[in-house]
Amino acid sequence: MSRPEPILRLENIHKSYTGQEVLKGVSLELHRGDIKVIIGPSGSGKSTLLHCINFLVTFEQGRVWLHEQEIDPADKPRLHAYRQKVGMIFQDFNLFDHLTALDNVQIGLVRVKKIPKRQARERALSELARVGLSDHVFKYPAELSGGQKQRVSIARALAMDPEVMLLDEPTSALDPELIGEVHAVIRNLAAGGMTMALVTHEIGFASGLAKEILFMENGLILEQGTPAAILNNATLDRTREFCAKIARLHTGGREPA
Amino acid sequence: MDLSFYTQEVAPALLRGLWVSLGLILPSAVFGLAIGVLAGTLRIYGRPLWKRVAEIYGLLFRGFPLLVQLYLWYFGLPQLGIYLSPYAAAVIGFSLCSGAYHAEYIRGALRSIKQGQLQAARALGFSRTRAVVSILLPQAIRRALPGCGNELIYLIKYSSLAYMVTCIELTGEAKILASLFFKYLEVFFVVGAVYLALVSLASWGLRRLEDIVSIPGFEYVRR
Amino acid sequence: MGRGIQSGWEAIAEGLPYILGGIGVTLTVVGGALAMGLALGLFLSVAQVYGRPWLQRVVGVYVWFFRGIPLLVLLFLIYFGILAALEIDLSPFTIAIVVLGLISSAYQSQVLRGAILSVPEGQMKAARAIGMSDARAIAFIILPQALRLALPGWSNEYTVIMKDSAVTYALGVAELMARTNHTASRTYQHFWLYLLVGFIYMLLTWLGTKALHILEERVAISGYTR
């Protein structure tokens with residue numbers, strides 16, 4: 001039985017920052033509906049990898065394909081079109097501070113997709129409703145809690161009709177009480193069939209959500225497999241070591257489900 | 001391009017003018033800085049009366065355009081019976097105006113120094129005046145260096161206004177020369193270049209000075 | 001006490017309307033220069049922050065030149081020198097605005113550059129992530145924030161240009177300073193008239209600064225601090 005082609009494919013990504021090689025030849029595939037969670041110690045290159053996928057960071061070697069069409073960063077119009085298809089959620093939210101929540105979601109529709117204002121507004125309102133923020137649409141980022149900000153940023157990305165969502169430690173900057181609301185939104189997205197690549201420390205959340213877990217260290221994907229396989233039965237010692245450490249941290253010592 | 005014009009007419013005149021300009025800039029810089037240090041210090045540590053005087057001085061001499069101030073000294077005072085030479089009016093005008101701006105920088109610098117410094121000095125037995133002069137001012141001057149240095153550079157540029165009160169410095173000589181030979185473009189091109197050179201030299205000197213007097217951990221962030 | 005025909009106060013009172021008429025001219029010159037300085041300054045600052053190295057160098061030279069040359073010298077150079085050589089005929093009024101505008105653009109470009117650089121990097125990242133071109137990102141995300149940050153600096157620029165506008169008298173622009181001179185040479189009340197015009201400049205400066213403060217408050221985004 002052959003699988004359909006992957007939506008997103010990375011091959012052999014190499015990235016260095018001033019002499020230090022951060023990504024040492026990483027390859028990745030995302031098929032429709034895949035939810036891949038990337039875990040690993042700090043400095044392993046997880047975040048950089050996500051930033052390479054949508055070319056926010058330039059890399060020295062490697063190729064990226066969307067629907068088997070290679071993306072050339074020098075071709076600006078196609079790059080911009082590609083970025084609309086690959087939504088990104090940042091650890092620091094990066095909401096546009098001078099715009100209300102509604103305008104944050106709307107601006108991409110109006111200025112990038114060139115949709116007429118009225119239609120854009122309706123779409124923006126519905127995306128914000130989808131993440132549960134209908135009551136806060138006219139608030140500025142400074143007036144929103146961290147969890148609300150992250151949900152706005154998810155709405156903003158969804159408004160662009162992405163095929164893939166990249167989430168870079170979406171809850172790492174949040175107070176514990178606020179993490180739940182963001183997790184709920186992400187779970188809904190997954191249930192709706194969104195293809196996702198998620199970088200996180202939250203091992204409990206990851207294991208419940210992921211179809212596949214990838215363990216990265218020192219710029220390479222060392223091991224990948226189903227949550228059960230990686231978390232309970234990892235092949236490499238290094239993987240076991242890491243999983244044990246974060247399991248203690250995030251689940252109070254309980255074994256992940 | 002008549003080179004002899006430049007060597008025989010332009011160069012001597014402009015050199016004369018440059019000499020006068022320097023004779024305006026240097027004394028004004030020294031007096032201005034001295035007045036500024038005094039006024040700035042009085043604003044923070046002076047007795048109520050002197051504080052007020054310094055405040056009003058600052059408001060007036062930063063509020064009035066420099067040109068108006070110069071005109072007051074040279075054209076205005078005669079009405080009250082006081083006659084100043086163009087040079088004197090210019091130096092007095094530049095010094096007092098510049099001093100008001102220096103005072104602001106010194107005042108800001110003094111305010112930024114932690115209270116504890118003064119208290120420690122008093123505890124050691126320094127009188128208030130001595131403490132301010134020996135301990136606080138040296139620190140304040142370092143902090144005020146970028147601002148005061150900037151003001152000195154402004155002085156170099158604004159010294160050209162001395163021409164407006166008939167003190168013939170570099171700009172004055174240029175104007176006379178240019179209208180005499182109707183070679184405005186050439187003459188003012190050269191004059192512009194001379195001022196740019198002076199300003200660039202002063203800026204470079206200022207940066208070197210800032211580097212020399214910097215004490216580790218002592219800088220505060222400036223844009 | 002002057003040697004004039006009229007008594008001091010009468011002379012001043014008579015000349016006052018003429019002098020006050022200069023306020024309009026002065027404000028127009030200042031406003032025009034500020035606007036031109038902003039328009040050019042925006043362009044220069046964006047070029048300096050986002051442009052290629054050669055463009056950055058060109059802007060650097062421009063800024064060095066217009067911040068280094070004295071206002072009076074530039075006025076003479078352009079009005080008597082360059083315009084005459086090119087045989088272009090523009091009024092002193094226009095030249096005053098242009099020269100003040102050019103100098104202001106050099107200063108404003110640096111303020112704006114600082115403001116642009118202090119907008120967090122994440123804003124640009126997020127704009128790119130939703131597919132905005134750099135041009136759109138700069139226009140709709142970076143500059144609106146940078147301009148708000150630069151607003152306090154505009155107060156300072158306004159006061160400087162207000163005082164510098166007096167120098168344009170040297171070209172014969174009929175603004176406050178020129179009119180005061182004219183009245184003084186007629187009435188011999190130099191001291192009192194210059195004192196008066198000094199206070200008028202102070203008042204205009206104070207009013208303008210107040211107006212800019214109100215503008216700052218109007219465009220402030222609640223809770224937005226950097």
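Two exercises on this predicted model follow, each with a worked solution.

Residues are numbered from 1 along each chain as its sequence is written, while chains are lettered from A and ligands numbered from 1 in the order in which they are written. Local features need pLDDT of at least 70, side-chain atom pairs count only at pLDDT 80 or more, and totals for chains, interfaces and linings use all residues.

**Exercise 1.** Trace the open sheet of chain A from edge to edge.

*Solution.*
- Take strands (E, at least two residues) and helices (H or I, at least four) as DSSP runs, numbered from the N terminus.
- Call two strands paired if DSSP finds at least two bridges between them.
- The order of the 6 strands is then S6-S7-S8-S3-S9-S10, with mixed pairing.
- S6 (86-89) and S10 (220-225) of chain A are the edges, each pairing on one side only.
- From one strand to the next, the twist averages 20°.
- S9 (212-217) and S10 of chain A run antiparallel, joined by 5 bridges.
- Here A:Ile213 stands opposite A:Gly225.

**Exercise 2.** Find which chains share the most contacts, and describe the chain B side.

*Solution.*
- Count a contact if C-beta atoms, placed from the backbone, lie within 7 Å.
- Of the 2 pairs of chains in contact, B and C share the most.
- Chains A and B do not touch; their nearest C-alpha atoms are 23 Å apart.
- In the B and C pair, 32 residues of chain B meet 31 of chain C.
- Helix H8 (184-213) of chain B gives the most to its side, with 10 residues.

Note on methods: Axes fitted to C-alpha atoms, helices over the stretch in contact; angles between N-to-C directions.
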